[in-house]
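Below are some remarks on the model, set out as numbered points. Please read them with the coordinates open.

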Amino acid sequence: GGGYPQKNAEILSSQYGINLFLAGLLLTFAWAVHAVGISKSHLLSYLITLMLIQLLWMLWYRCRSCTQRRLIRDKPPLRCPLHPYQEASWYSRTQRTCGGITLFAVITLILDSFKIGYYIDFSNCLSPTEGIFPVTHAVHTILQVYFLWCHAKDIIQSFKTLERFGVIHSVFTNLLLWTNGVLTESKHQLNEHKERLITLGFGNITIVLDDHAPQCNCTTTTLCSIFSQGIYYLYPFNIEYHILASTMLYVLWKNIGRKVEHHQQHKTPFKFHGITVGMIFGLIVLTSTIAIVVVYLIQIGRSKIKSELALTMFYLHAIFVLALMCTAGIVALLIYRLEDRSLDNSKNPARKLDAELLVGTAAGSWLLSWGSILAIICAQAHPKYTWYNLPYSVLVIIEKYIQNLFIIESIHRKQEKVNDDIKTLRIVTVSRGSTLSLTPSYKEIYNGRAARGSGEVPCLCKGSICGRENGGGAKEETSQEKGSVMHSASDFSFYSRNSVTNNKRRVLKNIAAFLFLCNLSLWIPPAFGCRPEYDNGLEEIVFGFEPWIIVVNLAMPFSIFYRMHSAASLFEVNCKT
C-alpha cells in the first residue's frame, strides 16, 4: 500500500525541517557571538524569507481547502471546513489552545508595533531589515493565528507529501522565531545581571556588557525609552506564542494521512462550580507571587543587604508554594490509586506530545536544580541566603516529578460514561421477553421529577441513551410486574457509590485548579526577570561565570515553557475530570 511512500515523505520533510532549523540556529549563534561578517540584518533576512514562504503556503492551503468542499464531510458551526476525520478530545483541546495562542498573539502584535516605533526613532543607523522584520512578523502572526483556528484540527488526506513539507517548514520557522526571541531576551537579562553582581560583592567577575544598541541618538528620547524597555517586558508572551504555534503545527504534521474513527464532538466546558477552594488558594498564591516579584525586582541590585533579603524572600515563598503543590499532587495520585478506572492506550499524537513536552522541558529546571545543589555542596563559603537554595532546588525536582505523573495519568484516563450532568438517569431492569422496564432514580424521586405518562422514556444502554419505550401507564405497570425490579437497597447503594465518586472528582478538580494557578504563578518570576539562578552568585563561583551563564541561558527557556504548558495541560485535566 501507501505506507512506505508516506513514511518516506515523513522522513524527507523532517530532514528538510531540521536542516532549515540548523542553518538558522548557526546564523543566530554567529550574531550572538559577534562573528566576523555576520550581522543582525543577515539573521533577520533569513527569518523574513522563511516567514514569507510560510505565508505563501498557508494562503495556498486555505484557498485549496475552500475550493475543494466536496472532500469535506464535517463542518462545525462558526468554524472553517475540516477534513473528514477528527477526534473529539483533540477538537476541544485545540479550541482552548487557539484561545490561549490568540491572547499571546495580540501581545506579540503590540511587541511588533513597539519594534516599528523603535526602528522609526533610530532609522538613521539601523538596517532596513529591522523595520521590515516587525511588519512581516505582524502579518505572519495574524495569518498564522487565523490558519490555526481554521485548520489546526485537520487530518490531511490529499497532497500529503507537499503538505508535509509546508507544515514542517511552519514548525521550524516558529522554532527559529522562538530561538531568536529567547536569545534577544536572554542577552538583555544577562546585561542586567552583570550590573547587579557588583552589589552582591562578586567583584572578581569581569563585567563586560554584550550590547547591540544602535550607534546613534534617538529622535525622541522619551518614546525611545518606552519602546526599548517595553519590548523586553513583552518578549515572554512572544516566546510562548511561537512555542505554542510550533507544537500545534507539529501535531498537524503528525496527523497527515492518519486514519482515525469519526467521533461525535463532545464539548467539555470549564466550570467554576465545585472548585472554589482550589481557586481561592490558587489566587492567593498568584497574588502573593506577583507581590514577591515586584519587591524582588525593586530590591535586587540596590545594595548587598537588600539583594540578600530579596533572594531570601523569594526562596522562602517558593519553598512554601512548592511544598503545597507536592502535597496536592500526592493526594491526587493517591485518589487515582484508589480508583478502578482503565487507561486509554489508543494512539493519539496530541496526547503523546503533551507527555513528551512535560518530561522534556522539565529537564531544563532539573539541570539548574542539580547545578545549584552541587554548587552548595562544593562551595567553600556559604552566605546565609544560599542555604535556602538547597530545599528550593530539591523541591523543584520533586514537585515536577509528582506533577508530571499526575498530568500524564490524568490525560490517559478514560472519562466516566455517567456523570453529574445526566439529569434523567434511570435504573434499568430487564424483564422477561427482552422488554426494558424503567424505574425512576433516587435523585428523580427526591426532586419529584419522575416521568409520568410522558409516553416517551429514555433508557440507558451501556452508559448512553440507546432506545425509547412508548406506551401508557398500564403497559409499564405490566412490564414492571413481570420483570425483576431493583430493590431500594440497590438504589441507595448506587447513590452511595455515585456520591463517593463525585466527592473524589470534586477533590481532583480543586487540585487541578490549584495547580493550574500555581503554575501560572511560577511562570511569572523567570519570565519577567526574577531569576535567582543569575543573582545567587554561588553557582558562578563554583562553575565559572561563562559556563554557568551558558547553562542558565539554555535551560531557562525550557523551564519557563514547562510552567505554561503545565498550566494548559492542567486546565484540560480540570475540564476532563
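1. This is a predicted model, and the remarks below should be read with that in mind. They take up two bent helices, the loop after the first helix, the salt bridges, a nonpolar patch and the cysteines.

2. Helix H6 runs over residues 221-254, and its 34 residues should span 50 Å at 1.5 Å a residue. The end C-alpha atoms are 49 Å apart, in agreement with that value. H6 nevertheless has a kink of about 40° at Leu-234, and the proline Pro-236 comes shortly after the kink.

3. Helix H16 can be read in the same manner. H16 covers residues 545-576, 32 residues in total, and the distance from its first C-alpha to its last is 46 Å, close to the 46 Å expected at 1.5 Å a residue. A bend of about 30° is found at Ala-555, with a proline, Pro-557, following within four residues.

4. Pro-557 also has a partner far away in the chain. Its C-alpha atom is separated by 9.3 Å from that of Ser-365, although the two positions lie 192 residues apart in chain numbering. Ser-365 belongs to helix H9, residues 349-378, and counts as buried because its relative accessibility is 5%, under the 20% cut-off.

5. Which residue in the loop between H1 and H2 deserves a look? The loop joins helix H1 (3-32) to helix H2 (40-67), and His-34 lies in this loop. Phi of His-34 is near 60°, which is a positive value in a residue other than glycine. His-34 is partly exposed, with a relative accessible area of 46%.

6. Ala-32 lies in H1. Ala-32 counts as buried, at 15% relative accessibility. Its C-alpha atom is separated by 8.6 Å from that of Lys-187, and the two residues are 155 apart along the chain.

7. How many salt bridges does the model contain? The count comes to six. Three of these pairs are taken up in the next points, with the burial of each partner.

8. Arg-64 forms a salt bridge with Glu-163, and the closest N and O atoms are 2.7 Å apart. This pair links distant parts of the chain, with Arg-64 in helix H2 and Glu-163 in helix H5 (residues 160-197), 99 residues apart. Are the partners buried or exposed? Arg-64 is buried, with a relative accessible area of 8%, and Glu-163 is buried too, with a value of 0%.

9. The side chains of Lys-304 and Glu-308 meet in a salt bridge at 2.7 Å, N to O. Both residues are in helix H8 (residues 304-338), and because they are four residues apart, about one helical turn separates them. An α-helix has 3.6 residues a turn, so residues three or four places apart point the same way. Lys-304 is partly exposed, with a relative accessible area of 41%, and Glu-308 is partly exposed at 23%.

10. Arg-337 forms a salt bridge with Glu-409, the closest N and O atoms being 2.6 Å apart. The pair links distant parts of the chain: Arg-337 is in helix H8, whereas Glu-409 is in helix H10 (residues 389-412), 72 residues apart. Arg-337 counts as exposed at 54% relative accessibility, while Glu-409 is buried, with a relative accessible area of 14%.

11. Val-277, Ile-280, Phe-281 and Ile-284 make a nonpolar surface patch of about 390 Å². One of these residues, Ile-280, is placed in helix H7 (residues 276-299). Ile-280 counts as partly exposed, at 46% relative accessibility.

12. Finally, the cysteines. A disulfide is a covalent bond between the sulfur atoms of two cysteines. The disulfide count for this model comes to zero, so no pair of cysteine sulfur atoms lies within 2.5 Å. Cys-63 is partly exposed, with a relative accessible area of 49%, whereas Cys-518 is buried, with a relative accessible area of 0%.

Note on methods: Residues numbered from 1 in each chain as written. Predicted model: local features only at pLDDT ≥ 70, side-chain atom pairs only at ≥ 80, totals over all residues. Heavy atoms only, no water. Expected span 1.5 Å × (residues − 1). Bend = angle between axes of the 7 residues up to and from the residue. Buried < 20%, exposed > 50% of the residue type's maximum accessible area, 1.4 Å probe, protein only. Patch = residues over 30% accessible without salt bridge, like charges linked within 9 Å, V, L, I, M, F, W, Y side chains within 5 Å. Areas by Shrake-Rupley, 256 points an atom, 1.4 Å probe, with all protein chains shown as cover. Salt bridge = Lys/Arg side-chain N within 4 Å of Asp/Glu carboxyl O.
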